[in-house]
Amino acid sequence: AMQPRGPGSAEPRRAVLPGRSRARSRGAAGAALLPSMLMFGVILASSGLLLMIERGILAQVGPLPPHPPAGPSRRDGRDSAAELELEVLRDTRNRTIRALCGQRSMPRSVWELPPGQRRTVLRHLLVSDKYRFLYCYVPKVACSNWKRILKVLDGALESVDVQGKMDHKSDLVFLGDMKPEEISYRLKHYYKFIFVRNPMERLLSAYRNKFGEIKEYQQKYGVEIVRRYRKNGGNSAGDDVTFSEFLRYLLDEDVERMNEHWMPIYNLCQPCAVRYDFIGSYERLHADANHVLEHIQSPSFVRFPERQAWYKPVTAETLHYYLCNTQRRLIKELLPKYILDFSLFAYPLPNITSEFCRQ
């Protein structure tokens with residue numbers, strides 16, 4: 001596992017990116033982020049956002065109209081409390097998305113998006129005409145397993161358990177490859193869903209996977225990151241990028257030009273331009289996946305794959321370690337780029353207080 005640089009390591013000064021000054025970069029980034037920050041303020045004021053509320057407080061929130069899940073009834077109070085918390089979470093997400101997307105400046109359809117943003121979301125929407133659904137895939141949120149399911153449903157793959165490297169392009173149908181009238185029809189009539197994940201956990205998962213295991217990413221991104229942000233880093237093979245260096249790189253990147261593995265979910269899936277029928281959580285992956293499979297009436301033999309034995313998930317302790325060994329200023333500067341993911345999908349902002357990090 002990759003480790004952040006130790007406390008004794010000197011923090012390199014931020015490199016000046018080619019073709020632009022640091023001041024210009026910061027100024028442009030600030031101008032681009034201003035609407036997001038203003039909109040976040042509107043959300044906080046208008047929708048009673050609950051993302052800052054801890055679990056203990058969530059359990060005290062008054063009951064919402066019951067929507068019991070299909071299947072066996074709940075057998076104890078713990079199940080009831082968990083279902084209540086889930087209802088609060090879903091209600092929070094729905095109200096927040098309505099508040100944001102109800103603003104006049106927000107797009108009402110994919111055709112109102114700028115061309116670059118429209119291309120991004122259309123090439124992340126996977127199509128099943130047989131089962132009439134659209135799935136916006138988000139890298140590092142179990143998208144490989146969902147792609148396996150789509151291939152099985154389409155008959156291109158015998159089983160979700162078939163071993164071998166996942167081909168992320170072949171035997172999949174992308175909405176962006178269709179004609180405008182075909183796109184509009186499916187957006188209007190098909191069941192649409194996405195799966196989301198805690199933004200900082202997703203970033204850490206991408207960092208550990210891409211720079212700790214994938215040589216292609218080490219060579220394409222890692223070498224350049226080290227060269228930019230580390231003194232005398234020109235000899236690096238890109239396999240020793242620190243988490244702090246990765247976050248510095250993200251801070252200097254234009255969100256719309258980011259690699260899909262760390263581009264914000266909002267930019268990938270445009271939840272205002274595409275009104276999703278269901279938002280699943282990585283934290284409730286199997287339960288939410290089963291909900292989707294039941295809704296689309298998939299064959300009974302199709303199930304969501306179990307986690308591979310070799311996969312090492314990001315735990316709360318791992319995230320705590322990395323965040324608490326990273327400069328607080330760096331994390332705080334990065335948050336505005338992902339603030340819509342935190343707010344829209346009701347994830348708490350990272351706790352990087354001294355008291356928490358001493359634990």
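**Exercise 1. Describe the open sheet: strand order, pairing and edges.**

Solution. The sheet is open and has four strands, ordered S1-S2-S3-S4, with mixed pairing. Strands are DSSP runs of E, at least two residues, numbered from the N terminus. Two strands pair if DSSP finds at least two bridges between them. Strand S1 (125-128) and strand S4 (278-281) are the edges, each pairing on one side only. From one strand to the next, the twist averages 25°. Inside the sheet, S2 (residues 133-136) and S3 (residues 191-196) run parallel, joined by four bridges. Leu134 has Lys192 in S3 as its bridge partner.

The model is predicted: local features need pLDDT of at least 70, side-chain atom pairs count only at pLDDT 80 or more, and totals for chains, interfaces and linings use all residues. Residues are numbered from 1 along each chain as its sequence is written, and side-chain values use heavy atoms, leaving out hydrogens and water.

**Exercise 2. Place helix H11 and find its buried side.**

Solution. H11 lies across S3 and S4, at about 170° to S3. Angles run from 0 to 180 degrees between N-to-C directions, with axes fitted to C-alpha atoms, for helices over the stretch in contact (heavy atoms within 4.5 Å). H11 spans residues 285-295; its buried residues include Leu285, Asp288, Ala289, Val292 and Leu293. Buried means under 20% relative accessible area, with a 1.4 Å probe and protein chains only. These residues sit on the same side of H11 because they cover an arc of only 140° around the axis. The arc is that of the directions from the helix axis to the C-beta atoms. Gln297 follows H11, with a positive phi near 60°.

**Exercise 3. List the contacts of Leu250.**

Solution. Leave out residues up to four places away in sequence. Leu250 then touches Leu203, Met258, Trp262, Leu334, Lys337 and Tyr338.

How values were computed:
Buried < 20%, exposed > 50% of the residue type's maximum accessible area, 1.4 Å probe, protein only.
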